[in-house]
Structures are given as structure tokens and as C-alpha cells.
Amino acid sequence: MKHNKLYHMAAALLAVMLLALTACGSEPRQPQITDETTVTGPEEIGEICLYGEYHANEHLLKKELALWKDCYARGVRYLFVELPYYTAQYLNLWMQVEDDTILLEVYEDWNGSLSYNELVLEFYRSIKAACPETIFVGTDIGHQYDTTGTRYESYLRAEGQLNSEEYKRADTCVIQGRHFYGERNEETQDTYRENAMVENFITAVERLPAGTDIMGIYGAAHTDPTALSWGGTVDSMAKQLAAYYGDKLHCTDLSELPAPTVTEEVFIVAGRHYTATWLGGEDASVWSQQYQSRTFWRLEGAYADFADAALTDDVLPYNNYPAEVETGQVFAIEMIRSDTGASEWFYYRSDGTTWNGLPTTVGFDPEA
């Protein structure tokens, strides 16, 4: 169904949230990670500032770039990212050359993921231009192990590093990827990945000079120190890291969807014009692999027009909505897909129905 909406979702850029980094005034370090453990425990690391996002969002990428520029100006050089170890190492190689061949190879490997977005590409280019001594540190499991991972291992073999520590680290990440994608149970996948990310993070920190400050950018589901992972099966990465690093870990959620500049717009649904009131939005990646975010709109005065519209099999309890729901209302919810960034629209009405004891809205097809 074609859905026309006469608005542009212009999100107000929220004030950049900067955390004070207490040891950020050191001299810039060379872009390399030592092969020897130099941090032997949480008491020897500097400050760790993690920022939660929903991926490939223009406004959040601008915030993150501003945050990194600030940290970089204070002497921070290590940027931890939600990428596999070998992908970050490829980006570090790219940082040392003039052209974008390496970056574009990695970018093509991202095809099918949220990172395959021109906004993400420009984000990394901006870092290279403004902060050329940035050192990327990847702590995720081995996504793209059969493309980026295989190519990086081939590069290391050609460089005579088959028996090197670097090759072992890259191969460990590849093995993690094979294990993760070979697991059919989503709950088991979730638990394995979250725990592996914690292990990888701590291992990476232990290879840094003592007293090193760190900034990290991860999906918001991983950076909430009070929550479970998005699948709800294990403590989030940040919660586990908080137990290890204590008050040296600082987490800030950048992912709350900002309100549009205008919160009332005209929607055309099934050929009829309605005033739509914006109710709020949220990062959906916390609980969904399929969707990145969702926003809620109420179609004013629309209930009579859709009271008899054919129902779908979908329900959405009142407690999902960011505003009070009353009987006799109609809602339009925009879901942004994680794989393509495309919008999908769902429609619900409040008939006074309950589901599993909860008051709920029911999905309907406005064209039926």
C-alpha cells in the first residue's frame, strides 16, 4: 500500500553530551596496539566513555563525530567500535594511506547490514580527515568473516604473519563469527555474542598502555549498564563491564529519538486526509533484529472511518505507546527496517480489546 505523508521528519539536534575525561591531555600516540599486555586489571585503565546509538542515523553520527573530535583534542586516540577485530584493523590500515580502496572494500562487505549506508561511509571519512591518528578497536564477533575476515587473514599471510599474534587475534574473531552464525537458536546467539563482546573488550583494553582513556560507540542495547541484552537472555555488555570496571565506566544513551520540528502533520491514509499528532519514538533495535526504530502518530478523528476495517492478526498493548491511549483512537506507527533503512507503516485502533489481560490496540488494514 502506498502511504503519502506530507512532512519531512526533521529531528532537532540534541545538545551534545560530553563526559569529562580526566586523563585526556596526554601526547598523541602512534596508531598501533601493542602486542604485550600492559594493563593487568581494571584499576590500571583510564576513563571509559561508551555512547549508545541506533545505527546509521544522521543526527547521531553528527553527535558521535563531535564527541570524538572533543576526545581527540584532549589526547584520546583509541575509538572502540561495534565492529569485528579484523574490520577495525583494516580501517587502521586505511588511515595510513591516501586513497579509499580499503575503506570501499570494507564498505562493500557491509552490504546487507546497517553499516552499508553513505552516512556511515562519510562518518569514517570525516574521522580520517579531522582526527588522522585515530586508532579503531573492534570488539564485536566476526561478522563478515567470510569476506573481510578471510581477506584480512590472506593479507597477514602475504605479509609473513601466519604465526603472529595478530593472525591469532584475527582468527579468533573469525571463529567467533562462525560459531555465532552457525547457532540456530536466537537466544543462544544473543547470549554468546554479548559475552564474547565483553571478553573481546576486556582483552583489547589489556593491550593498551596503563592509564589510557577510551571512547566507544555501540548500539544502545549494548551500552545500558542496567539492562539485559536486546534478547533479554544475558546482562548487557555495559552491565557486565560496569561490574568489572566500576566507576571508570561511563555510559550515555544518544539513541532517544528527537521530536520533529513540527509535531502535527497531514497524513493521507486510504485517500483521506487526517491531522497526525507525533507521540514519540524509540530505538527498536533493543528488542528487534528486524527493525531499527519506531515512531508513533495518532490520527485525529479517524476512528469512525476505520472502525469496521478488516483486522490483521497483530496486537499492540497500550504499554508500548509513549502516550496515554483511550478507546476510540487510531494510530499510525512507522517502523524503520534494520537491513534497508526503509519505512514500514502499521495501523492500530483502540476498540477496548484486551490481550493476555492487557488493554491493547488491534492492527487493521486501512485499505480493506
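Let me begin with a single residue: Asn 356 counts as exposed, because its relative accessibility is 66%. Asn 356 sits in the loop that links S12 to strand S13 (358–364), and its phi is near 50°, which is a positive value in a residue other than glycine. As background, most residues other than glycine have a negative phi. I should say at once that what we are looking at is a predicted model, and the backbone angle should be taken in that spirit.

There is a second residue of this kind. Ala 270, which is also not a glycine, has a positive phi, near 55°, and its place is in the loop between strand S7 (264–269) and strand S8 (272–283). With a relative accessibility of 27%, Ala 270 counts as partly exposed.

Now to the chain as a whole. The protein chain contains 10 helices and 13 strands, and of its 368 residues 51% are buried. If we take the contacts between residues at least 6 apart in sequence, 74% of them join residues at least 24 apart.

How confident is the predictor? The average pLDDT of the protein chain is 86, and 86% of the residues score at least 70. The stretch to treat with caution is residues 1–34, over which pLDDT stays under 50, although the model has 91 contacts beyond four places in sequence for these residues. Where pLDDT is low, the predicted coordinates should not be read in detail, and I will leave that stretch there.

Let me turn to the interior. The largest nonpolar core has 44 residues, and those with the most contacts inside it are Trp 68, Leu 79, Tyr 124, Ile 127, Phe 136 and Met 215. Helix H1 (residues 58–73) supplies the largest share of this core, with 7 residues. Which residues does Ile 127 contact, once its neighbours within four places in sequence are left aside? They are Leu 65, Trp 68, Leu 79, Pro 132, Thr 134 and Phe 136. Apart from the core just described lies another, of 20 residues, which includes Ile 45, Tyr 78, Ile 135 and Phe 201. In soluble globular proteins, nonpolar side chains tend to be buried together.

Next, helix H2 (residues 85–94), where 9 of the 10 residues are buried, so that the helix is largely enclosed by the rest of the structure. Those buried residues are Tyr 85, Tyr 86, Thr 87, Ala 88, Gln 89, Tyr 90, Leu 91, Asn 92 and Trp 94. What do the buried residues of H2 pack against? Their partners are strand S3 (78–84), H3, helix H4 (118–130), strand S4 (135–140), H5 and helix H6 (165–182).

Two of those partners, H3 and H5, also meet one another. The axes of helix H3 (residues 101–109) and helix H5 (residues 145–158) come within 9 Å and cross at roughly 150°, and the two helices are therefore roughly antiparallel to each other. On the H3 side the contact involves Glu 105, Val 106 and Asp 109, which meet Thr 147, Thr 148 and Arg 151 in H5. By class, the residues of this contact divide into 1 nonpolar, 2 polar and 3 charged.

I would like to finish with three residues further along the chain. Lys 239 has its place in helix H9 (residues 237–245) and is partly exposed, with a relative accessible area of 30%. Not counting residues up to four places away in sequence, Lys 239 touches Asp 224, Pro 225, Thr 226 and Ala 227, while its C-alpha atom is 7.8 Å from that of Leu 228, a residue 11 places apart from it in sequence.

Glu 334, in strand S11 (residues 330–337), is buried or exposed? At 8% relative accessibility, Glu 334 counts as buried. The C-alpha atoms of Glu 334 and Trp 297 are separated by 8.2 Å, with their positions 37 residues apart along the chain.

Finally, Ser 350 is found in strand S12 (residues 343–355) and, at 0% relative accessibility, counts as buried. With residues up to four places away in sequence not counted, Ser 350 touches Tyr 303, Tyr 318, Val 325, Glu 326, Thr 327, Gly 328, Gln 329, Phe 331 and Thr 361. Ser 350 and Pro 317 are 33 residues apart along the chain, and their C-alpha atoms are separated by 9.5 Å.

Technical notes: Residues numbered from 1 in each chain as written. Predicted model: local features only at pLDDT ≥ 70, side-chain atom pairs only at ≥ 80, totals over all residues. Heavy atoms only, no water. Axes fitted to C-alpha atoms, helices over the stretch in contact; angles between N-to-C directions. Helix = DSSP H or I, 4+ residues; strand = E, 2+ residues; numbered from the N terminus. Parallel < 35°, antiparallel > 145°, perpendicular 65-115°, else oblique. Contact = heavy atoms within 4.5 Å. Nonpolar A, V, L, I, M, F, W, Y, C, P; charged D, E, K, R; others polar. pLDDT = per-residue confidence, 0-100. Core = buried A, V, L, I, M, F, W, Y, C linked by side-chain atoms within 4.5 Å. Buried < 20%, exposed > 50% of the residue type's maximum accessible area, 1.4 Å probe, protein only.
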